[in-house]
Amino acid sequence: MTTCHESAKYHVTGEAIYIDDIPVSGRLLHGFVYTSPHAHAVIKSFNLDEARNVKGVHAVLSYQDIPGHNQMGPVFHDEPVLAADKVECIGQAVFLIAAENEEEAIEAKKRIRIEFELLEPILTIEQAIEKNSLLQPLRKIECGDVENALQFAPHRIQGEHRTGAQEHWYLETQICLCIPGEGNDIKAYSSTQHPSETQALIAEALGISKNEVEVECRRMGGAFGGKETEANHIANWAALLCRATKKPVKLRLFRDEDQKITGKRHPFLYRFKAGFDDEGKILGVDVEHFANGGYATDLSMAILERSMLHAENAYYIPNMRIVGKAMKTNLPSNVAFRGFGGPEGISCYEEIIDQVARYLNKEAVEIRKINFYGLDENNITPYGETVEKNRLHIIYEQLMQSSEYHKRRTEVNEFNNKNEFFKRGLALVPVKFGISFTTSFLNQAGALVHVYTDGTILVSHGGTEMGQGLYTKMQRVAALEMGVSTDKVKINATNTARVANTSATAASSGSDLNGMAIKDAIDKIKTRLIPFASEELSKGKSLPTENSGIIIENNIVYDKSDTDRKINFKDLVSAAYLKQINLSANGFYRTPDIHFDRAAGKGRPFHYYSFGMAVSEVLLDVLTGNAKVMRTDILHDAGESILPNIDIGQVEGAFIQGLGWVTTEDIKWDSSGNVLNHSPDTYKIPGIQDIPADFRVNLLKLACPAGRDFPNPDTIRRSKAVGEPPFVLSLSVWFAIKDAISSIAGHKIEPDLHIPATNENILLSIEELKRKVSGNESVKEKS
């Protein structure tokens with residue numbers, strides 16, 4: 001079994017080819033983008049003559065030079081390729097420059113003459129709410145009688161919860177290389193999660209057809225959602241310059257520039273009311289979700305929708321109203337990021353659970369447990385989908401035992417009673433994460449499989465490799481489905497000329513969709529091969545195909561009723577070729593039985609749910625605000641894992657990236673809309689010292705001697721998606737920090753803490769808590 005990444009050797013030796021490594025002729029030009037210095041302004045006039053006369057400059061383009069549509073909004077057409085009459089954020093593209101080197105491009109930028117008339121910007125969610133600045137109409141999901149539940153609940157709380165932005169910080173910044181062909185043909189090597197959408201938007205901007213645009217992506221140096229739509233921007237700009245100059249053009253953003261002009265994880269503001277009984281059973285919740293979408297819609301409505309669809313996380317709630325609004329502000333359009341709104345929505349409900357526990361003076365794990373979705377009842381979501389194959393209870397039982405939660409809770413309490421300047425915190429957080437694109441038609445995939453006469457196999461599919469191991473999994477899937485060893489299978493670069501009309505590699509669906517498409521293609525080839533194999537093995541006496549018992553396994557083809565009758569797979573396909581049997585096939589897959597009525601807020605948007613849970617313990621220095629993660633235990637449901645090492649790596653990576661979101665990654669803007677910390681020396685992503693000192697990650701197994709996995713029927717190899725759900729588990733660290741802060745006041749006062757819990761924000765929360773202690777403000781008085 002392959003246990004490491006299929007490109008690991010090339011990564012280590014430096015042989016892995018990224019776009020910046022592709023050799024190009026000496027005709028290559030460098031692309032450069034002139035961006036707006038203002039968050040909101042009218043463009044009164046501009047002059048490009050002097051810039052165009054700079055030596056070595058081959059083109060300086062404005063919106064007037066776009067031959068097709070000046071539009072690159074992926075869903076809603078509200079995002080121009082180049083600004084025309086106004087700019088709506090700092091970093092919005094206004095002009096494009098192609099030059100023989102970067103120095104000449106920068107000189108041309110200096111000689112552009114442009115006059116702006118400044119307008120007042122909207123920069124925060126609160127400002128947008130005050131001005132009713134919406135990107136699109138609100139969304140709503142509702143079940144039960146919320147007003148009645150809140151009115152007659154024995155206890156009620158209300159409050160606000162905020163989550164911050166997050167920079168994707170992929171190692172390879174945004175990049176595209178465009179090479180002109182004959183006629184209108186153009187090939188784009190794009191670091192994109194969505195080659196088909198990149199192809200479509202290039203065609204629209206250039207005013208040509210899709211069959212004249214070829215987009216290829218062998219691998220990305222990270223993406224995390226940041227290259228699902230924003231890669232289209234870079235590709236469009238490079239393509240326009242390539243078309244104008246008739247020469248190859250490479251456009252690559254510098255790190256600081258990338259962080260300044262690209263969108264981030266959406267900041268959210270939540271306003272909630274919750275009613276509950278004496279035991280902590282939550283009876284009703286009314287919550288508003290406000291997302292900071294930036295200046296254009298991009299995927300904000302889908303991200304808002306996923307926040308709403310995960311607003312109850314792992315808990316049954318009979319009466320719930322969820323209202324979502326995507327607010328328009330004068331910041332770069334915020335975009336997809338791992339979790340796609342799910343972690344944000346989940347964090348709010350977990351905050352409600354945490355506050356209920358503190359209000360009732362109970363353990364938060366007790367409140368979580370009694371509110372979990374049931375197995376056979378209390379298992380309908382607010383949007384009407386039944387939670388099937390619920391693993392929450394078995395995960396909870398196993399993790400509580402393996403993490404020694406109750407023993408450690410006692411130890412934490414004893415430590416806190418004895419120490420004034422250091423406090424420990426402990427928290428458990430579950431996740432129930434829906435798997436599928438909530439835009440139903442996107443749940444489809446294609447594949448192309450070639451079997452060569454030497455017994456090797458070449459697979460093309462629509463998924464993209466961004467370091468997550470999708471190609472490795474697809475190599476394994478193809479090998480298992482065909483019955484050959486993985487060294488016989490190669491995964492080709494993702495290319496729109498080989499597999500057309502694909503969906504983005506996103507929503508944790510890459511393996512589910514593309515794996516099934518590959519299986520479909522291989523099944524077609526095997527349907528042709530098996531009758532021929534039966535004929536070959538019986539020396540011309542063909543057996544009925546359905547009863548032949550022909551097996552392909554470990555590169556050998558044999559009849560299970562007579563294992564002495566066998567042939568090498570290589571010899572079989574070579575003979576099949578001579579008999580003119582087609583050894584290639586297209587595969588296709590569409591996820592069955594999913595639908596969602598957005599107007600009604602009801603449906604079955606998810607094919608299945610992924611479950612997981614984490615327990616984290618922190619040590620907090622109350623004088624500096626520094627929080628060290630001492631131990632994290634994770635138990636995650638990956639179904640029957642295709643490659644456990646890859647899946648565990650994804651769980652660990654998602655958790656650590658989430659750890660950055662909830663602790664150290666705090667993006668700051670000034671009052672003019674400039675991002676202030678746009679480089680690695682001012683923006684703190686997690687480092688090796690931030691990893692839990694004791695980090696225990698396991699995949700869910702059945703509690704039996706065989707220790708086999710929990711299968712997930714109707715998916716590829718009975719596996720489950722694993723890319724995004726574990727990100728949510730990092731919230732266990734945030735709640736452990738909050739638990740440590742809360743212990744300062746004996747867990748009698750609700751701490752004022754939001755995401756991220758930076759050292760600064762922790763100290764401010766502690767100071768506010770001490771102020772409340774001196775004012776004798778209790779949790780119940782606050783609520």
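**Exercise 1. Where is the place of Ala-507?**

Step 1: locate the residue. Ala-507 sits in the loop between strand 20 (494-495) and helix 15. Helices (H or I, at least four residues) and strands (E, at least two) are DSSP runs, numbered from the N terminus. The model is predicted: local features need pLDDT of at least 70, side-chain atom pairs count only at pLDDT 80 or more, and totals for chains, interfaces and linings use all residues. Residues are numbered from 1 along each chain as its sequence is written, and side-chain values use heavy atoms, with hydrogens and water left out.

Step 2: check the backbone. Phi of Ala-507 is positive, about 60°, although the residue is not a glycine. Most residues other than glycine have a negative phi, and most peptide bonds are trans.

Step 3: check accessibility. Ala-507 counts as buried at 12% relative accessibility. Buried means under 20% relative accessible area, exposed over 50%, partly exposed in between (1.4 Å probe, protein chains only).

**Exercise 2. Treat Asp-714 and Pro-756 in the same manner.**

Step 1: Asp-714 lies in the loop between strand 29 and helix 18. Its phi is near 70°, a positive value in a residue other than glycine.

Step 2: is Asp-714 buried or exposed? Asp-714 counts as exposed, at 60% relative accessibility.

Step 3: Pro-756 is in the loop between helix 18 and helix 19 (759-774). The peptide bond from Ile-755 to Pro-756 is cis, with omega near 10°.

**Exercise 3. Describe the packing of helix 15 on helix 16.**

Step 1: get the geometry. The axes of helix 15 (residues 510-537) and helix 16 (residues 569-578) come within 10 Å and cross at roughly 100°. That makes helix 15 roughly perpendicular to helix 16. Axes are lines fitted to C-alpha atoms, for helices over the stretch in contact, and angles run from 0 to 180 degrees between N-to-C directions. Under 35 degrees counts as roughly parallel, over 145 as roughly antiparallel, 65 to 115 as roughly perpendicular and the rest as oblique.

Step 2: list the contacts (heavy atoms within 4.5 Å). Helix 15 supplies Leu-529, Phe-532, Ala-533 and Glu-536; helix 16 supplies Phe-569, Leu-572, Val-573, Ala-575 and Ala-576.

Step 3: sort by class. The contact of helix 15 with helix 16 has eight nonpolar, no polar and one charged residues. Ala, Val, Leu, Ile, Met, Phe, Trp, Tyr, Cys and Pro count as nonpolar, Asp, Glu, Lys and Arg as charged, and the others, Gly among them, as polar.

**Exercise 4. Compare expected and actual spans for helices 14 and 7.**

Step 1: the expected span is 1.5 Å times one less than the number of residues. Helix 14 (residues 470-482) has 13 residues and should span 18 Å; its end C-alpha atoms are 18 Å apart, which agrees.

Step 2: helix 7 (residues 230-245) has 16 residues and reaches 23 Å from its first C-alpha to its last, close to the 22 Å expected.

Step 3: test burial. Twelve of the 13 residues of helix 14 are buried, so helix 14 is largely enclosed by the rest of the structure. In helix 7, 14 of the 16 residues are buried, so helix 7 is also largely enclosed.

Step 4: look past the ends. Gly-483 follows helix 14 with a positive phi near 90°. Lys-246, just after helix 7, takes a positive phi of about 60°.

**Exercise 5. Work out the surroundings of Lys-720.**

Step 1: Lys-720 is in the loop between strand 29 (694-699) and helix 18 (731-743). Lys-720 is buried, with a relative accessible area of 4%.

Step 2: the side chain of Lys-720 reaches the backbone oxygen of Tyr-609 at 2.7 Å.

Step 3: leaving aside neighbours within four places in sequence, Lys-720 has contacts including Arg-391, Asp-637 and Asn-712. Arg-391 counts as buried, at 15% relative accessibility.

Methods:
A polar contact is a pair of N or O atoms within 3.5 Å; within protein, one must be able to donate a hydrogen and the other to accept it, and residues adjacent in sequence count only if both atoms are side-chain atoms.
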